[in-house]
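Biologist: I'm new to this one, so could you walk me through it step by step?
Modeller: Gladly; here it is, and you can ask as we go.

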Amino acid sequence: MSSDVIITSLFIFMLAAFVGFESIRRIPKLLHTPLMALTNALSAIALIISIVILGQGHTTYAQVLGFIAVVASTINLVGGFIITDRMLKMFKPRERAPKPAAGSEDGVA
Amino acid sequence: MDRMNWIELAYLIAALGFALSLKWMSQASTARRGVLAGEVGFGIAIVATLFWPGITGEGFILIAVAMLIGSAIGVPLGLLVPMTAMPQRIALSHAFGGLAAGLIGIAHFFLEREHFSKFDLGVIGIEIALGMLVFTGSLMAAGKLQEWLPQRPIVYPGQNIVNAAVLAGAVGLVIYQIYNPDQNWAVPAIAALGLLFGVFLIIPIGGADMPTVIALLNAYAGLSAAALGFVLDSKLLIVAGALDGASGLILAIIMCRAMNRSFSNVLFGAFGATDAVGEGAQEQGTYRSASVDEAADLMKIASSVVIVPGYGMAVAQAQHKVRELADALEKEGVDVRFAIHPVAGRMPGHMNVLLAEANVPYEQLLDMDEINSDFAQTDVVLVLGANDVVNPAARHDKSSPIFGMPILDVDKAQTIFVVKRSMRAGFAGIENELFFNEKTQMVFGDAKSVVAELTSEVTGQRDAIGL
């Protein structure tokens with residue numbers, strides 16, 4: 001890799017890390033577990049390179065490693081997004097409307 | 001524009017999706033939109049990658065098969081894992097991420113090493129070591145959280161020296177490999193040392209330190225993806241890796257601050273050293289205990305109750321019962337809130353997820369900073385399976401291992417009920433002076449059944465049956 005490319009990459013890394021810090025700093029503690037699950041899914045980004053290495057199949061060795069890597073990162077990707085959404089679905093604000101059948105419940109008790 | 005330019009352009013849109021997804025995560029109301037943005041970004045990236053030059057027909061079939069296998073495992077893992085098992089689920093998923101990054105690093109090294117500069121060789125060496133470390137480290141963490149491995153820190157004499165030696169070996173090999181890229185053994189050896197280091201790093205870490213460690217492994221996984229991006233000149237990998245790394249690092253810092261400890265202290269200090277202190281300070285005086293009836297009566301007539309959940313609530317899977325108790329108290333006109341310490345549980349935000357699962361509205365879940373000033377005006381505090389995070393010794397006892405750790409000031413409330421199985425010292429072996437406070441009353445029993453009894457007592461059901 002030439003020095004030019006390295007410098008460009010460092011620029012991108014620095015700016016992305018800055019964007020990451022600034023947006024994540026604002027995420028409330030309430031959502032930290034979903035955040036971890038989400039970034040988990042994002043860290044499956046190695047999938048795109050795994051796909052290329054598996055797809056080009058230059059050597060059997062690379063194919064085997066690529067295959068395992070595609071499986072592993074797909075697990076991460078699919079599972080990560082599903083579980084994040086599952087968790088977020090549970091976070092609900094307080095219901096303002098009064099519960100309609102509250103009176104009858106008391107009667108049973 | 002050639003084909004690669006179009007692919008890169010698609011990756012640019014994907015990167016925007018990732019950035020937006022983090023931005024929208026900043027509020028509960030927009031968070032699900034954030035997930036969607038991430039999914040769309042990923043979808044675009046994957047489709048674009050399929051147009052990469054040089055992918056063969058056989059390659060497409062293999063890709064499809066591998067992705068199907070991955071989905072067949074990933075979908076059930078996403079849908080079926082219970083919320084109480086979330087910490088180990090997250091740790092396991094870090095393990096897969098680390099494995100993929102490490103293996104791809106190795107494959108790429110052997111395919112392209114003739115074209116590598118010294119910088120590339122150095123970065124890929126670090127990347128492989130990091131990926132493998134994340135793999136075994138996360139597996140170990142998941143094993144401890146699932147209790148397949150003992151949760152207690154395992155320490156032995158000379159541990160730090162052994163760990164330092166493995167680390168030095170890995171660093172030495174990375175340097176060796178920079179100057180001898182034609183050696184076939186060096187990179188597999190780096191991978192092996194990475195695997196070993198991951199195990200050694202987690203062995204001395206106890207359950208209470210897991211939130212920091214999981215966050216840190218998250219950061220390492222991100223850094224290894226970014227390192228791979230540097231070697232492959234893939235801007236998307238750099239961006240996603242940087243976002244992931246930043247997230248893990250911020251969470252780890254928050255966790256460390258919440259425990260008043262440094263990274264190195266968490267990673268190399270282990271809590272084992274505090275055992276002696278805990279055992280020496282057994283006799284702290286007498287404690288009072290209360291029956292469920294007494295506790296329920298007092299909570300019923302209180303105007304404000306704060307519930308402090310801890311890992312014990314997760315272990316007992318008591319979150320649904322806790323919510324029923326909160327509902328019953330609210331019906332009696334009591335103001336009920338939850339006080340969440342940042343390191344309560346085994347991962348950042350653990351308690352929030354469990355209580356959200358039990359349908360507790362998130363306005364009722366308050367951070368330590370939000371609620372601490374309110375304890376003085378609180379009538380009753382109910383401590384459920386939390387221990388160190390409510391120990392007042394952290395404020396004043398300089399000899400205490402947890403001195404300086406920010407805690408929930410529950411001792412300022414009028415009355416404190418602590419639900420606990422027995423008077424046994426907590427996980428870290430530290431005696432909790434809150435239990436011996438004259439305003440504190442212990443309610444002995446399993447968190448789930450005690451809370452259920454409290455609820456029926458508050459609603460009056462138990463009396464009705466008894467009569």
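Biologist: Are B:Phe109 and B:Phe116 buried or exposed?
Modeller: B:Phe109 is buried and B:Phe116 is buried too, where buried means under 20% relative accessible area, exposed over 50% and partly exposed in between, with a 1.4 Å probe and protein chains only. Please keep in mind that this is a predicted model, in which local features need pLDDT of at least 70 and side-chain atom pairs count only at pLDDT 80 or more, while totals for chains, interfaces and linings use all residues. Residues are numbered from 1 along each chain as its sequence is written, chains are lettered from A and ligands numbered from 1 in the order in which they are written, and side-chain values use heavy atoms, with hydrogens and water left out.

Biologist: How many aromatic pairs are there over all chains?
Modeller: The count comes to eight, taking rings of Phe, Tyr and Trp (its six-membered ring) as paired if their centres lie within 6.5 Å, and calling planes under 30 degrees apart stacked, over 60 edge-to-face and the rest tilted. The rings of B:Phe109 and B:Phe116 have centres 6.5 Å apart and planes at 55 degrees, so this pair is tilted.

Biologist: Which residues do ring pairs link into a cluster?
Modeller: The cluster consists of A:Tyr61, B:Phe109, B:Phe110 and B:Phe116.

Biologist: Switching to the interface, how many residues does each chain put into the contact?
Modeller: Chain B gives 114 residues and chain A gives 84, with contact meaning heavy atoms within 4.5 Å. On the side of chain A, I can also point to A:Arg94, whose side chain meets that of B:Glu330 in a salt bridge at 3.7 Å, N to O; the term stands for a side-chain nitrogen of Lys or Arg within 4 Å of a carboxyl oxygen of Asp or Glu.

Biologist: And how many salt bridges does the rule find across that interface?
Modeller: It finds two between chain B and chain A. The residues on the side of chain B that touches chain A divide into 72 nonpolar, 27 polar and 15 charged, where Ala, Val, Leu, Ile, Met, Phe, Trp, Tyr, Cys and Pro count as nonpolar, Asp, Glu, Lys and Arg as charged, and the others, Gly among them, as polar.

Biologist: What about phi of B:Glu147?
Modeller: Phi of B:Glu147 is near 65 degrees, a positive value in a residue other than glycine. B:Glu147 is exposed, with a relative accessible area of 52%.

Biologist: And B:Asn359?
Modeller: Phi of B:Asn359 is near 70 degrees, also positive, and B:Asn359 is partly exposed, with a relative accessible area of 37%.
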